[in-house]
Amino acid sequence: MKRKYFDRQVAADILRRNDFGGYTVPTHGLYPFQWSWDSAITALGWLQLDEARAWQEVETMFTGQWSNGMVPHILFHGDTESYFPGPDVWGTRQKIPSSAISQPPIWATAVRLLFENTKDRALANEKLASVLPNLLKYHRWWYRERDPKNTGLVCSYHPWESGMDNSPAWDAPLANVPLIDWSYERRDLNEVESDQRPKKDEYDRYLYLVDFFKECEFDSDYLYENCPYKVLDIGIISILHRASIDLLSLCASSSSVGETSDLESNLNETEKAISSLWWPEKGCFANYDLLADTRLDEVTSATVLPLFANLANAEQVTAMGDLLRTWIDKTGFALSSTHPESESYERKRYWRGPVWLHINWMIAEGLVANNLQEIAENLKDSSRRCVQDAGFWEYFDSENGTGCGGKNFSWTAAVGLHWLDDSNDTG
Ligand code: DGY
């Protein structure tokens, strides 16, 4: 028998209230523009309510694509007084003001879900044909600009690009980035308690990197050689890989995309290179600091995301399954974004411990694909308990499930509609 975990209407109302006309803000106040990976996940929620609106989310994001193919992590569509740092700090001078970095590239995966679960085939065919060239350009940007030496592993220049801003994995590489020497006022702390957000020291270094990008005029070659922060982010690498698989599948259903053998070869290169990030002592993958040439020894929710990308061999799948079984049981609510045995674990502070439901969804998808159904069910159950008890928050305290960060949050409502509600037929 189907059980009701939450009121679909509440989740639907959140998306409708956060709809700014063509794009959905993550939440009012804290994040008043279009964020890339938020928007992609949110499109999956729209699919449950209004398919045309789901495609519009995609189209609006790609109106801000740079001519080199980059899809920025923020598009500043409107008045920017309430958010810091705004477009003047980024200094990108694009037609639609934007940031200068990207975010985990989940778009092609979301588009594949829209395309395959459509109830309006003519609309889906038309929309796919128009977005496919842009998706290809975006993926080629990642491989060309972020892996110019064709190592198989793309790099990242900013913790904000990971979407997991203050993950303890970034502490060591970020400590080598200087602090800025100008003062500023953080707006995020007007909205959320400071013990749930990154610290000032981290913000000073985030902003140093923003200035650095601007000073070198976003020159990719220069950044590759000189950026003071350069990491291999296992989250980005996994999500890109999964999305490239989805993109190639979409290309196969379209007659007009041209040659895609370059993407197939990118997939092969990543499949060969990924074993260099395996961390056998822990039974998961690891992030890597390219400048210090060292592994980043933190077990975070990103370090099991290769499951989502079909990048793990049988032995690695077994090891990650074992790790996840004990990890889930160590906190009241799962999956904590940082392993609770880490010295850096903090149950409420953004990416240092809280539970994020879109990450649970990705990990669970990977678990199901790797025949670890029972762990996937545990994650789903924990995710349902979060929203059932607290509502649709940005993230949740991993010990007691209390809502943290922004409330009435789009991606959490979308994951609810897409994945957590038994009555939907695509999740
Ligand atoms: C923020 O503003 O906190 C975002 O995570 C940066 O994109």
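What follows is a walk through some interior features of this predicted model, from its cavities to a few odd spots in the backbone.

A search of the whole structure turns up five cavities of 30 Å³ or more. The largest cavity comes in at about 240 Å³. Its lining is made of 23 residues, and the ones closest to the centre are Tyr 31, Trp 35, Asp 165, Arg 197 and Tyr 350. Sorted by class, the lining of the largest cavity splits into 14 nonpolar, three polar and six charged residues.

The second largest cavity has a volume of about 140 Å³. It is lined by 13 residues, with Ala 100, Trp 141, Arg 146, Phe 218 and Leu 223 nearest its centre. Two elements, α6 (121-146) and α11 (220-226), give two or more residues each to this lining, and α6 gives the most, with three residues. Nine of the lining residues of the second largest cavity are nonpolar, two are polar and two are charged.

Phe 218, one of the residues nearest the centre of that second cavity, also stands out for its backbone. Most residues other than glycine have a negative phi, and most peptide bonds are trans. The phi of Phe 218, however, is positive, near 60°. Glu 217 does something similar, with a positive phi of about 55° although it is not a glycine. Glu 217 sits in the loop between α10 (200-215) and α11, and Phe 218 is found in the loop between α10 and α11 as well. With a relative accessible area of 63%, Glu 217 counts as exposed, while Phe 218, at 21%, is partly exposed.

Two peptide bonds also deserve a look. The bond from Phe 84 to Pro 85 is cis, with omega near 0°, and Pro 85 belongs to the loop between β2 (74-75) and α4. The bond from Ala 334 to Leu 335 is likewise cis, again with omega near 0°. Leu 335 is part of the loop between α14 and α15.

Leu 335 turns up again among the contacts of Trp 327, a residue of helix α14 (residues 314-330). Trp 327 is buried, as its relative accessibility is 0%. Leaving out residues up to four places away in sequence, Trp 327 touches Val 299, Thr 300, Ser 301, Val 304, Leu 335, Ser 336, Thr 338, His 339 and Pro 340. Gly 21, by contrast, is 306 residues from Trp 327 along the chain, and the two C-alpha atoms are separated by 41 Å.

As for helix packing, α15 (residues 357-369) and α17 (residues 410-420) meet at an angle of about 30°, and their axes are 9 Å apart. On the α15 side the contact is made by Leu 357, His 358, Asn 360, Trp 361 and Ala 364, and on the α17 side by Trp 411, Thr 412, Val 415, His 418, Trp 419 and Leu 420. Seven of these contact residues are nonpolar, four are polar and none is charged. Helix α17 is mostly covered, and eleven of its eleven residues are buried. The cover over those buried residues includes α1 (8-17), α2 (36-49), α5, α15, α16 (373-390) and β8 (395-396).

Some individual buried residues round out the picture. Gln 103, in the loop between α4 (87-90) and α5 (107-116), counts as buried because its relative accessibility is 4%, under the 20% cut-off. The side chain of Gln 103 reaches the backbone nitrogen of Trp 37 at 3.1 Å. Beyond its sequence neighbours up to four places away, Gln 103 touches several residues, including Trp 35, His 73, Tyr 138, Trp 160 and Glu 161.

Ser 244, in helix α12 (residues 234-252), is buried with a relative accessible area of 0%. Its side chain makes a polar contact with the side chain of Tyr 143, at 2.8 Å. Setting aside neighbours within four places in sequence, Ser 244 is in contact with His 139, Tyr 143 and Leu 267.

Pro 32 lies in the loop between α1 and β1 (34-35) and is buried too, at 11% relative accessible area. Among the residues that Pro 32 touches are Phe 20, Tyr 23, Val 25 and Tyr 83. Pro 32 and Phe 20 are twelve residues apart in sequence, with 9.2 Å between their C-alpha atoms.

Note on methods: Residues numbered from 1 in each chain as written. Predicted model: local features only at pLDDT ≥ 70, side-chain atom pairs only at ≥ 80, totals over all residues. Heavy atoms only, no water. Helix = DSSP H or I, 4+ residues; strand = E, 2+ residues; numbered from the N terminus. Buried < 20%, exposed > 50% of the residue type's maximum accessible area, 1.4 Å probe, protein only. Polar contact = N/O pair within 3.5 Å; in protein donor to acceptor, adjacent residues only side chain to side chain. Contact = heavy atoms within 4.5 Å. 1 Å grid on protein atoms, 1.4 Å probe; cavity = no way out; pocket = protein on both sides within 12 Å on 5 of 7 lines; lining within 4 Å. Points joined across faces, edges and corners; volume = space filled by probe spheres on them. Nonpolar A, V, L, I, M, F, W, Y, C, P; charged D, E, K, R; others polar. Axes fitted to C-alpha atoms, helices over the stretch in contact; angles between N-to-C directions.
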